[in-house]
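Please look through the sequence and the structure shown below, and then follow the description of how one chain is divided and how it meets its partner.

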Amino acid sequence: MKFTCLSKGGGFHFPPCHMLSVSGFRILLDCPLDLSSLAIFSPVPIALEAHESLDTDSVVRKKQKIEKTLDANDLVFAEPWYKTVKSLHLWDASFIDVILISSPMGMLGLPFLTRTKDFSAKIYVTEAAARIGQLMMEDLVSMHMELRQFYGPEDSAFLQWMRWEGLEVLPSELKKIILGTDCEELGAWMPLYSAVDVKDCMRKVQTLKYAEEACYNGTLVIKAFSSGLEIGTCNWTINGPKRNIAYISSSIFVSTHAMDFNFLGLQGNDLIIFSDFSTLDTTENMENDNTYCDPVTSSNASDDLYNLEEIAASLLKDDESMEEMEKLAFICTCAFDSVRAGGSVLVPIDRLGIVLCLLEQMSLLLESSSLKVPIYIISSVAEELLAFTNIIPEWLCKQRQEKLFSGEPLFAHVKLIKERKIHVFPAVHSVQLLTNWQEPCVVFCPHWSLRLGPVVHLLRYWCSDPNSLLILESGDDANLALLPFKPMAMKVLQCSFLSGISLQKVQPLLKALQPKLLLTVSEGFEVQDPNFRSKHDYSLL
Amino acid sequence: MAIDCLVLGAGQEVGKSCMVVSINGKRIMFDCGMHMGYTDSRRYPDFSLISKTGDFDNALTCVIVTHFHLDHIGALPYFTEVCGYKGPIYMTYPTKALAPLMLEDYRKNMDRRGEDEQFTSDHIAECMKKVIPVNLKQTVQVDKDLQIRAYYAGHVIGAAMFYAKVGDAAMVYTGDYNMTPDRHLGAAQIDRLQLDLLITESTYATTIRDSRYGREREFLKAVHNCVAAGGKVLIPTFALGRAQELCILLEDYWERMNLKVPIYFSAGLTIQANMYYKMLINWTSQKIKETYATHNAFDFKNVRNFDRSLINAPGPCVLFATPGMIVGGFSLEVFMQWAPSENNLVTLPGYCVAGTIGHKLMSGKPAKIDLDKDTQINVRCQIHQLSFSPHTDAKGIMDLVKFLSPKHAILVHGEKPKMATLKERIQSELGIQCYCPANNETVTIPSTHYVKADASGTFIRSCLNPNFKFSTCSSTDKSYLDSNKSKAVSRLSVSDDRATEGILVVEKGKKAKVIHQDEFLHRLGEKKHEIQFAYCFPMHMARTEDLSSTSHMLCSFDKCTLISRLSMILSDELSEGNILDLGEELQVESFRVSVCSSDNCPHRLSSSLQNGSESVFFCCHWSVADEKLAWKIISIMKNSTL
């Protein structure tokens, strides 16, 4: 067995990516895109303002101000490219046997692989994740079209910004995003795939239900178990002739929408690959050694059963989900205050579950007051996505399933759309939107990077209004994301949502699962150069 | 170990499906239905056969319900709430969602018929709380040993076939299924599984059905003709399933023909049911699934709710009324009003259980039906039997049985004579042992139990050794494909049948292991003992000149002659074995024979030579493996003369 961490990822939208060799098969775990790096590009301008071209004068001028603080003109003014997992393109895609996708976010980079020649891997995704992932990719392609139309069919073979002369003049912050800390990530940038690539990719996907057995090549039995992070997200078990492996991605024990983290399904595996790095983003005091491998001290077998129930109960104590609900309630009150003051609220959050819960709570709050404030959802795939969320009871948490059994819609938005309290439009320029538009309002739209989609136009429109509110998911660099919209009078509310197993629950979880071996990647572990890969590989035989 | 199947219902009949299967120590109840044809105790399965003491929680591991039809679920609230079963119950999501509607509808009709109530509304709600919903193909670990999995059955929305596995024994209970897709559901789908037992329905054990499009046209024509002539159409159905399917069909037809005749749903068959269907659209056919975002196929435009006052309103209409099979309730009420007019039409979709009015109408057209001793209904209306039913036909059953190729099959949910015909077919055409037990009978079949064993290196190496056997076959070789002329060929044929011998060692607390016999001795620290047989006996000899004088020591040359003569005799008589002439000795496998020169040979039983004939003693040795061969050779030798 051989395990290579290709990328530790970064947060909810950029899950980790690993390569695993087991029983002679090469398994890729997730294939995400680093969409936060879109921040280096400038959003589509309002009008064709005279944008300085990269002639020699400006190069000189730019060089002079390199050490100054960053401003909007420093951003790359070109059709965006997309950053894939940094060392994945160094692997021969035709040698991959199996790809396991744990979340819709984990499949955004998939079309880059499936369109390569000789690609033959079997891709396993849960049914719900596949559908949501497909819609996300289609939305990405359609949002990118807008920028493409703006820049025209430029010969993208040789991009100005990617040339050394171009890179040299870029501010160090942007250069770091483009090249990575060790200047080796330039090869990871790719022009976006097409709608045809997405369709082709989806054809190669094999969809599964939770706990459905998929037998690969008569050797590996692969199963997906719900991880609770989002609708359709999962953890995997891989049962081979010699070893039983469980792969744990970012998981949430009790969810407000998706089916809960089914950790009991992961029991009985002797090796656990722990790949929930959500806590690493927030905590700093982690051990600094490269790999951490510690056989969990097995307690006495006699008190196992009793313990297990106790542990399970403590893990499922839903204090976390309560906290999340409070967060949502807080967001709703902030939004309510804004609309009451006559301002509008812009919510570019792309976490399906959070959006669905926010829609319910926000409309409840608005309903209880006398304010008649419309809620708009603007996205090319919103209509289908909302319809889809209402036909998948099998993928939702217990409380939502109860709604099926009592004959109510799974999410309240169905009713709200019918009552015309929520309006769904495919784009900002659609005619129905223009005729229906009414301010103040609450708008949910993509994309969280603030570089693509309807959010760009609405943010430009409201950024100087001190009564309006922007609700952002706090990311690595909100400053950079907001740069093109500065100076901003608009209020900004940054919030972070639970995106994985909290640190204090890791230990009891592992106690419940009783693995012989635990494999994880801790802080500071980076695969630096694929040529020296073996140094960092974790091999177990 | 064995699998025991106790048939509590639907044995050689249709109605109250219920089967309790004991499989490697686990006891599963499949379906818990009621019989629509009875109103007394025969309507429920005889649960006392499961446990005399009524301790069902310990007697059963779990209950599995395949779909929401009353003949599969009708007794469940009674079993859980009145009999007190508290263990786990499994059904698919749609079944769990829709079953309460069916049960509630039935309960209300029972009330109206004035029967004593068997369970209440609360019972239904309490019962449904105990149900664990499952998704298709989801592998559910019921306990450490029992695994169950649902497969799409296509009979009604949410109908499933259930696979159960305990250890190495596995079985499938199909419930009701349909092998051809219909208007709103797909066809049954299942993996190729290794099964000891398949329990399948056999409603249409002998019927082969043609294309459903012809039958759909026929149905639409009949309905259209009736409403065009101003008649009323009554379609008695159960709340869910058939009603939605026919409604999709009628909606489509109404749109196409631009008809304005109202289509009514009676209370109970509600628009609310369609709400469920909309959320469960993933469980319908591919075609309907694809349209969910734009137009949900279960949004019916022409359908309205029916009111009792409309029964005798003038003008044509189409009415879907519950319950199906006209067992009572509203459909009976309407039937009594509409049956006397020949303008009207009663369409009976699907199967009607014996004893119901629906069944009477289907089996020939009676002019009068006695409801009870006071009431008689004149039947003048037209009767149309809808011959499409969401059950598979005989071909479908055969296809499924052939596809799964179980070691045994049990037929339930059918009519006795037809089941017998199908049973014969399965046994003769597919060579699968088949049973069709009656109610309250138990069928026992053997189950599989695999022992996983490691194999030692020496054993594996010994498997790789070739085991060549040379034999001369002088007889006519029939295996020659081109040899029409039977030619006597004498040729050496080589066979390599690798029968490897090993010893299975099962030590306490350790995994079973297959080892080579040499290792075994080593492991036990024992020496190898071989059993050798020996026998010395005289053989007749022809008096010949060259054997000069009797009672002389035979010289070694003579011994060789004798042996070569014997060799000739044996090679004529003996078909098997490879005869080796080693000069003074003859060897066939481990059997060795030589001329005995000692007078006091310990293996000699009768020491004296027989009188009157010339004899010579032969001494034989062989090991126990070749005992049969040895005695064959000895008998040849005793019966022949050298």
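In this predicted model, 21 residues of chain B are in contact with 25 residues of chain A. Among the residues of chain B, B:Tyr93, B:Met279 and B:Tyr292 stand out, since these three supply 34% of the area that chain B buries against chain A, more than any other three residues. The area buried between chain B and chain A comes to about 2,000 Å², and carbon and sulfur atoms give 58% of that area.

Turning to the polar side of the interface, two salt bridges are counted between chain B and chain A. In a salt bridge between the chains, the side chain of B:Lys137 meets that of A:Glu212, at 3.9 Å from N to O. Seven residue pairs between chain B and chain A are in polar contact, with both residues at pLDDT 80 or more.

On the side of chain B that touches chain A, the elements that give two or more residues are α4 (93–112), β8 (146–152) and α8 (271–279) of chain B. Of these, α8(B) gives the most, with four residues. Sorted by character, the residues on this side of chain B divide into twelve nonpolar, five polar and four charged.

Chain B itself is divided into four parts: domain 1 (3–208 + 390–445), domain 2 (212–385), domain 3 (453–462 + 503–529) and domain 4 (532–544 + 553–639). Taken over C-alpha atoms, the centres of domain 2 of chain B and domain 4 of chain B are separated by 92 Å.

How values were computed: Residues are numbered from 1 along each chain as its sequence is written. Chains are lettered from A and ligands numbered from 1 in the order in which they are written. This is a predicted model: local features need pLDDT of at least 70, side-chain atom pairs count only at pLDDT 80 or more; totals for chains, interfaces and linings use all residues. Side-chain values use heavy atoms; hydrogens and water are left out. Domain bounds come from an automatic or database domain assignment. Contact means heavy atoms within 4.5 Å. Buried area is the accessible area (1.4 Å probe) that two parts lose on being put together, summed over both. A salt bridge is a side-chain nitrogen of Lys or Arg within 4 Å of a carboxyl oxygen of Asp or Glu. A polar contact is a pair of N or O atoms within 3.5 Å; within protein, one must be able to donate a hydrogen and the other to accept it, and residues adjacent in sequence count only if both atoms are side-chain atoms. Ala, Val, Leu, Ile, Met, Phe, Trp, Tyr, Cys and Pro count as nonpolar, Asp, Glu, Lys and Arg as charged, and the others, Gly among them, as polar.
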